Amino acid sequence: MNDRKRTARYGFAFIILAVLLVILFIWNVNAGSIPLSVGEILNIIFRHQGTDTAYNIIWEIRLPRILAVIILGGALSVSGFLLQTFFNNPIAGPFVLGISSGAKLVVAMLMIFFLSRGISMGSASMIVAAFIGSMISMGFVLLVAKKVHNMSMLVISGVMIGYICSAITDFVVTFADDSNIVNLHNWSLGSFSGMSWGNVKVMAAVVILAMIIVFFMSKPISAYQLGEVYAQNMGVNIKLFRIGLILLSSVLSACVTAFAGPISFVGIAVPHIVKSLLKTAKPLLVIPACFMGGAVFCLFCDLIARTVFAPTELSISSVTAVFGAPVVIYIMIHRQKRI
Amino acid sequence: MENTNKSYFFHTDQLTVGYEGKPLIREINIQLNKGEILTLIGPNGAGKSTILKSITRQLATISGTVYLEQQQMASMSNKEVSKKLAVVLTERMRPELMTCEDIVATGRYPYTGTLGILSASDKEKVRAAMETVHAWDLKDRDFTAISDGQRQRILLARAICQEPEIIVLDEPTSFLDIRHKLELLTILKKMVLENQLTVIMSLHELDLAQKISDKVICVHGEYIEKYGTPEEIFTSQYIRKLYGITKGSYNASFGCVEMEPPAGSPRVFVIGGNGSGIPVYRRLQRLGIPFAAGVLHTNDADYQVASALAGTVVAEKPFEIISDENFEKALQIMEECEAVLCPLTDFGTMNEKNKKLLAKAKETGKLRES
């Protein structure tokens, strides 16, 4: 491939992602228990005209949900990409390493604690709780990573940490007595339902800020792809860089868990698909493409989750697992040497 | 020493290195001028890599100081160091989806902007570096899909493109075949001569180390055992001691190793000289037949090999006619042997007595076709 061909390929990949994003956006706005025509939707969105019911469905339910899916889906897959870079392991991700489950545990415990006292948690405090949980799990994973250098062992330890956290969460949820427990149960399985504009604003602020920092870390990430020693020789401050990677990936995945619960496999599958599409691992391209890819993937999965068995809604994790897990298996088979 | 450390491009002062605070090698004093090649030799596990890692700041030093252009390296920022010092490592990396050009381009890291986007002149430098190592044709190949020799050249190009004044290489020739070893070292030598590059590396190949280095360090035991020019280091005795060679020997003039001579009293006598004996000695050694060689002048090429492989060598001083004494000695040994081989065809004034030996062998019927 020469330079021109390569540039064409990158352009092509981004156009595909953008087109898919637009199509899925429209489809998601349209799909649901109450069918609306495209004309009606456009009227509602751009002219704020339409019947009250339709208006409310679009503005209060579907639009915030879609925006949340885009923001969180993107955040999740970028978080996965950062973890894969950090551990130099193609099947690392916030879910398999138990980081999402750690976040879930702390959020669930705090939620129950506050609900039992009649206080409901705000978006920001949910993120903080999830971040604390993520960092606790991450701490365990890092301890394990220090001892074992085998990649599959690391992932297995992560899965175990995830199970322990999930078990404790289930335990806590089972014995909690509150009417809101139903919501909590849905959330702990992973779901994009019930997003408010308030939620969207908070998550947008956090994720956009984190994404800007991640994007400006493209250069050291590209150096780090050659290994720690080369990166250091190129002038990267390894300690600071590693801390940055850990904090950013945790913030991104914590944000997802706080609002939508743990979502499986997006963090592994999307970066892999995006890299295969771009045929490069250059962070400058992969990071934005990952964000778009994550948004597309989650829009698609959420569409399935809420329409296939409507009015019953599937948990988002069961849908992402169906599409994401095969990708993970594929990666493991094709890179047996590395794992 | 008269030459104070002030004038050196790179030097270490009582540097002690090791892992986790435990000293492995103590009080290393290296002094290197610009445009010199320093090679670290020594047995496996002696600590060559440890020294290199400490110099390149991957490993914290235990005590002592490393200076680059009179500046303490410990006080320099990563970025400053990265513009002066580049590394080529042994550890195998498998970066995914990176072309060789991408890999080389990472060498421009210290010079690019916030997002690391390459300018036209950066791209030109990447190309120039790849051309220096004759690897421009590999630019679009995936880095994980090329051979070891190619990979090592690409990594060298990466280091070159970082525009360092000093390159540190950890066993750059391991895994390479002889052609690629020579190619790689030739490129290094050329860069040293043309661009005043300074090189510090570890090598396993003593013959190559002897030929390419300006200075050699022998890493063995707790202290640097020897530090000097290749001429000072590469003596048969010292190399045997350094590596603890018990089987075989090291030939300092040829820079090659020889196997152990077959044990036992000589069964074959070889009349050699002028290089004709070498293939015969080697064949006998391979077959495990102990042999004697004679009469050889000590300045004859055959003498070098015979003294390593033969049980007994009857030797004469250079440029002297073979003495009667040596002739008698050879004759005596020949009589004790079962067979005589004579690959020698040129008889002159100095080795005329070898012709007599040949005649004697024919007479006794011991002469065999060699």
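The following conversation goes through a predicted model of two chains, A and B, taking its sheets, cores and some individual residues in turn.

Colleague: Which domains is chain B divided into, and how many Å apart do their C-alpha centres lie?

Modeller: Chain B is divided into domain 1, covering 5–241, and domain 2, covering 268–368. Taking the C-alpha centres of domain 1 and domain 2 of chain B, the distance between them comes to 47 Å.

Colleague: In the open sheet of six strands in chain B, which strands stand at the edges?

Modeller: The order of the strands in this sheet of chain B is S7-S8-S9-S4-S10-S11, and the pairing is mixed. Each edge strand has a single partner strand, so one side of it is left without a neighbour in the sheet, and this is the position of strand S7 (85–88) and strand S11 (224–228) of chain B.

Colleague: By how many degrees are neighbouring strands of that sheet turned against each other on average?

Modeller: With direction ignored, the average turn between neighbouring strands of this sheet is 15 degrees.

Colleague: In which sense do S7(B) and strand S8 of chain B pair, and which residue in S8(B) stands opposite B:Ala86?

Modeller: S7(B) and strand S8, residues 166–169 of chain B, are joined over four bridges in the parallel sense. Opposite B:Ala86, in S8(B), stands B:Ile167.

Colleague: At the other edge, in which sense do strand S10 and S11 of chain B pair, and which residue in their hairpin takes a positive phi?

Modeller: Strand S10, residues 215–219 of chain B, pairs with S11(B) over four bridges in the antiparallel sense, and one of the partnerships links B:Cys218 with B:Lys226 in S11(B). Their hairpin has four residues between the strands, and the residue with a positive phi near 80 degrees is B:Gly221.

Colleague: Is B:Ile224 buried or exposed?

Modeller: B:Ile224 has its place in strand S11 of chain B, and, leaving aside its neighbours within four places in sequence, it is in contact with B:Ile25, B:Ile28, B:Ile217, B:Cys218 and B:Val219. B:Ile224 and B:Ile30 are 194 residues apart in sequence, yet 9.8 Å apart in space, C-alpha to C-alpha. Because 20 or more other C-beta atoms within 10 Å make a residue buried, and B:Ile224 has 21, the residue is buried.

Colleague: Is B:Leu97 buried, exposed or partly exposed?

Modeller: B:Leu97 is found in the loop between S7 and helix H3 (100–105) of chain B, and its phi is positive, at about 55 degrees, although it is not a glycine. Most residues other than glycine have a negative phi. With 17 other C-beta atoms within 10 Å, B:Leu97 is partly exposed.

Colleague: Where is B:Glu171, and is it buried or exposed?

Modeller: B:Glu171 is found in the loop between S8 and helix H6 (178–195) of chain B, and its phi, near 45 degrees, is a positive value in a residue other than glycine. As it has 20 other C-beta atoms within 10 Å, B:Glu171 is buried.

Colleague: How many residues are in the largest nonpolar core, and which helix gives the most to it?

Modeller: In soluble globular proteins, nonpolar side chains tend to be buried together. Here the largest nonpolar core has 171 residues, and those with the most contacts inside it include A:Leu72, B:Val104 and B:Ala157. The helix that gives the most, with 15 residues, is H3 (residues 52–87) of chain A.

Colleague: How many residues does the contact take from each chain, and which helix gives the most to the side of chain A that touches chain B?

Modeller: The contact takes 22 residues from chain A and 22 residues from chain B. The residues on the side of chain A divide into nine nonpolar, nine polar and four charged. The helix that gives the most to this side, with four residues, is H9(A).

Colleague: In the open sheet of five strands, which residue in S15(B) stands opposite B:Phe269, and at what angle to S15(B) does helix H11 of chain B run?

Modeller: This sheet has the order S16-S15-S14-S17-S18 in chain B, with parallel pairing, and strands S14 (residues 268–271) and S15 (residues 291–297) of chain B pair over four bridges. The residue opposite B:Phe269 in S15(B) is B:Ala292. Helix H11, residues 301–309 of chain B, packs on the sheet, touching S15 and S16 of chain B, and its direction makes with that of S15(B) an angle of about 150 degrees.

Terms used
Residues numbered from 1 in each chain as written. Chains lettered and ligands numbered in written order. Predicted model: local features only at pLDDT ≥ 70, side-chain atom pairs only at ≥ 80, totals over all residues. Pairing = 2+ DSSP bridges. Helix = DSSP H or I, 4+ residues; strand = E, 2+ residues; numbered from the N terminus. Axes fitted to C-alpha atoms, helices over the stretch in contact; angles between N-to-C directions. Domains from an automatic or database assignment. Core = buried A, V, L, I, M, F, W, Y, C linked by C-beta atoms within 7 Å. Buried ≥ 20, exposed ≤ 12 C-beta atoms within 10 Å, placed from the backbone. Contact = placed C-beta atoms within 7 Å. Nonpolar A, V, L, I, M, F, W, Y, C, P; charged D, E, K, R; others polar.
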